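Subject: Structure handover

Hello,

Here is the structure for your files. My notes on it follow below.

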Amino acid sequence: MINDLAEKAKHEFFPDRVVRCDANEAAADFTFTCQNGVALRVQVVNDKVLRFRYATDGQFAPDFSYAFPEGVPARRQPSLLEFVEKADHYRLTTGRLICTIGKDNLHVRLLNRSGAVLCEYEKGFHWEYDWDSGNDIVKMSQQVQPGVHYFGLGDKPANMNLRGQRFCNWGSDTYGYVKGSDPLYKNIPFFLALHQKLAYGIFFDNSFKSYFDFAAERADVTSFWSHGGEMNFYFIYGPSLTEVSQEYTLLTGTPELPPLWALGYHQCKWSYYPDSLFKGIGAEFRKRRIPCDALYLDIDYMDGYRCFTWSPEHFPEPQKMVRELADDGFKTVVIIDPGIKIDSQYDVYQQGLANDYFCRRADGPLMKGSVWPGLCNFPDYTRPAVREWWAGLFKGLIEDVGVRGVWNDMNEPAVFEKGTFPDDVRFDYDGNSASHKKAHNVYGMQMARATNEGVKRFAYPNRPFTITRSTYAGGQRYSSGWTGDNVASWEHLWLANIQCQRLSISGFSFVGSDIGGFINTPDGELYARWVALGAFHPFFRTHSSGDHGDQEPWSFGEEYADLARHFIELRYKLLPYIYTAFWQYVRQGTPMLRPLAYLDQNDPETYQRMAEFGVGDHLLVCPITQAGVDGRWLYLPRGEWYYYWTDELREGGAEVWAAAPLNRIPLYVKAGAVLPHYPVMQYVGEQQVQELMLHVYHKEGRETSTLYDDGGEGYGYENGQATVRHFTVQGGVSGLHLIQKTEGDFQPSWTTCRVILHGLPADSSFTATVDGAAVEVKPQAVGKSRELPQLVVPAGFQELAVSWGQ
């Protein structure tokens with residue numbers, strides 16, 4: 001007698017000849033069934049996105065994924081849909097793509113409408129039986145196109161271009177990781193490919209442990225596979241890299257707009273206690289006039305590390321403390337971990353136990369594991385009732401005490417004994433019962449989801465703010481994030497730059513790193529360079545492990561305190577620009593941080609570069625990541641760029657030297673940009689902005705900029721209380737026109753704009769009109785060493801005309 005399972009465990013299996021095609025053109029669904037029972041279902045999500053699902057036995061599981069807001073992807077009717085059968089293949093055509101499916105073995109080719117091959121199977125779909133779990137190990141291999149480059153995949157600490165590398169997605173607590181460490185905390189199975197100046201993406205929506213090989217094992221093959229679940233992936237066409245990231249991000253969902261203060265500077269440490277020390281940190285910020293919006297409490301604020309409690313010794317009057325800090329402009333953010341201490345006198349534990357909210361092992365016992373409180377049980381956040389319970393627990397912290405934000409840690413999930421839960425732990429998975437093998441990679445995301453629901457409920461009418469260490473695709477809907485337990489080293493400053501760019505193009509823009517490094521202590525130079533970079537990351541926080549010394553901005557001496565203040569003040573000036581970039585991310589799915597290839601994918605010089613990145617539409621940043629240098633070489637994308645610090649105009653498409661002593665970071669502004677600045681404040685809302693500064697950069701040509709404003713708090717923007725201003729610069733050799741078009745009814749506090757003109761001839765006399773009326777142009781100081789022509793105009797102006805040299 002032949003043991004079929006034993007045989008299956010030794011072989012790879014493939015689809016064979018197609019024997020039936022069920023085409024539902026009205027639903028844009030096409031199912032192909034092979035002689036050996038394998039089925040492929042192709043769904044047209046929209047003109048640029050096709051979904052491929054494979055079933056080894058012809059039976060598709062219920063369609064559900066945490067990656068999507070509604071559990072399944074939102075689909076749009078394609079502008080064109082044609083399906084024809086040929087002698088040896090089927091051909092599916094949309095408004096942007098052509099897909100052919102071979103009749104012999106489901107061989108797939110994907111082309112654009114011009115006939116350029118974008119992606120083609122090598123072995124294609126295949127699988128093997130996993131004796132230990134009973135799952136199929138599902139695999140996909142594709143041909144490597146000539147000259148292809150790969151990007152994305154979340155927080156991987158490796159070179160920006162992924163070609164020649166292999167990675168694993170299995171969220172892991174990776175303390176003190178280094179370049180090349182894998183896996184890390186986040187699980188985002190989405191990557192992009194660029195070849196022949198055309199871009200596409202693959203989203204492999206599978207929450208089991210998965211792997212990605214970008215021509216590492218075989219130079220002509222890229223493959224991805226998973227130890228369970230379906231081969232279920234989305235092909236996303238650009239043709240630009242930016243469009244691929246946008247399609248993926250909009251498919252998996254964008255977050256709500258954050259409160260504006262969440263984009264300010266944050267200070268954190270493991271740990272600030274007692275309350276006198278915590279309040280003293282705030283007092284020192286205000287005394288030194290270093291802007292700061294948020295202060296953090298790590299695990300030591302709790303009573304014996306029990307979540308949702310306060311230490312009676314260190315924080316006897318938390319409500320009073322939080323209120324006093326709020327009166328001085330500080331928002332208090334606290335940590336919450338998933339481990340609930342096993343303690344019969346602990347109310348949260350009693351509730352979880354009584355309602356059977358904790359995870360269980362396969363044979364019924366509760367999952368037990370040690371984390372900071374000692375032995376703990378862990379909520380099953382994949383169960384709706386548990387998420388609802390968890391959300392309700394935040395009433396005490398948010399509504400009663402006044403905490404403004406919550407930080408989720410240890411949610412990979414991490415335990416001290418084995419690193420994470422055993423494989424046999426069971427989860428509800430929203431009615432799709434699963435083991436830890438399937439639920440592990442979404443655990444942190446679902447904790448962040450429940451946390452966000454609670455913070456939002458009790459913070460209303462204010463907006464919620466949450467942070468998570470672990471997440472899955474789509475987790476950007478619920479939380480911001482950071483890159484985990486990094487190290488105070490120049491290598492980790494370099495890694496912070498790469499990881500934040502990579503996360504941003506992978507749908508997760510609201511991200512930053514622990515400035516200065518969590519482990520060990522930086523010197524003043526490293527800290528200053530890191531603050532300079534952090535000022536351009538959406539999440540801007542210093543965090544450190546207290547046993548390695550202090551890491552506040554003044555911890556390295558007065559010289560470095562002044563430098564930290566300088567860059568933090570720059571961040572507060574740029575808040576309207578950064579907030580606008582966030583709004584674009586929410587509305588359009590555009591990454592806030594954009595690698596150099598995103599700025600000009602038609603220039604092959606951008607493909608291998610990693611240091612330079614765009615912030616929003618008009619800024620280019622390149623951090624200093626070496627000690628003892630006063631500048632660096634960097635590559636400017638094609639076009640004209642102004643050096644922010646001097647207004648030196650440089651032509652792109654070439655390497656340039658950027659002089660950058662410690663009080664500078666290489667920062668360039670695209671010619672034609674309108675860059676808004678707020679006055680420096682010690683915290684968001686310290687005072688009303690009376691006058692908005694508009695820095696206008698001359699260009700011989702045309703450029704458009706956008707400014708979004710809704711007050712930065714509350715939900716009025718959902719009812720139209722927001723304003724979008726479109727600025728168009730049209731410049732020539734002897735004049736410049738600035739046109740403003742406004743949408744929306746929100747009335748900001750500022751009634752005038754101070755227009756500061758960059759790139760105009762210094763020795764000319766200027767004449768100007770605003771909406772036809774003459775206005776005076778005066779040279780005034782900008783910083784310590786420059787005078788630039790400036791004029792004050794009404795906030796609602798429509799056209800400003802400036803001329804010179806006539």
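The model is predicted. I started from I281, which sits in helix α3, residues 275-288. I281 is buried, at a relative accessible area of 10%. Leaving aside residues up to four places away in sequence, I281 is in contact with Q267, Y272, L295, E552 and W554. T590 lies 309 residues from I281 in sequence and 36 Å from it in space, C-alpha to C-alpha.

Next, the charged pairs. The count of salt bridges comes to 52; three of the pairs are described here.

E256 and K456 pair through their side chains at 2.3 Å, N to O. E256 is in the loop between α2 (241-252) and β19 (265-267) and K456 is in helix α8 (residues 436-459), so this salt bridge ties together parts 200 residues apart in sequence. E256 is partly exposed, with a relative accessible area of 28%, and K456 is partly exposed at 30%.

Helix α3 also holds K279, whose side chain forms a salt bridge with that of E324 (3.1 Å, N to O). E324 belongs to helix α4 (residues 318-327), and the two residues are 45 apart in the chain. K279 is partly exposed at 29% relative accessible area, as is E324 at 31%.

The R306 and D343 side chains meet in a salt bridge at 3.0 Å, N to O. R306 is in the loop between β20 (294-297) and α4, and D343 in the loop between β22 (340-341) and α5 (347-354). R306 is buried at 18%, and D343 is buried at 16%.

Finally, salt bridges link D173, D409, E412, R469 and D485 in a network.

Regards

Note on methods. Residues are numbered from 1 along each chain as its sequence is written. This is a predicted model: local features need pLDDT of at least 70, side-chain atom pairs count only at pLDDT 80 or more; totals for chains, interfaces and linings use all residues. Side-chain values use heavy atoms; hydrogens and water are left out. Helices (H or I, at least four residues) and strands (E, at least two) are DSSP runs, numbered from the N terminus. Buried means under 20% relative accessible area, exposed over 50%, partly exposed in between (1.4 Å probe, protein chains only). Contact means heavy atoms within 4.5 Å. A salt bridge is a side-chain nitrogen of Lys or Arg within 4 Å of a carboxyl oxygen of Asp or Glu.
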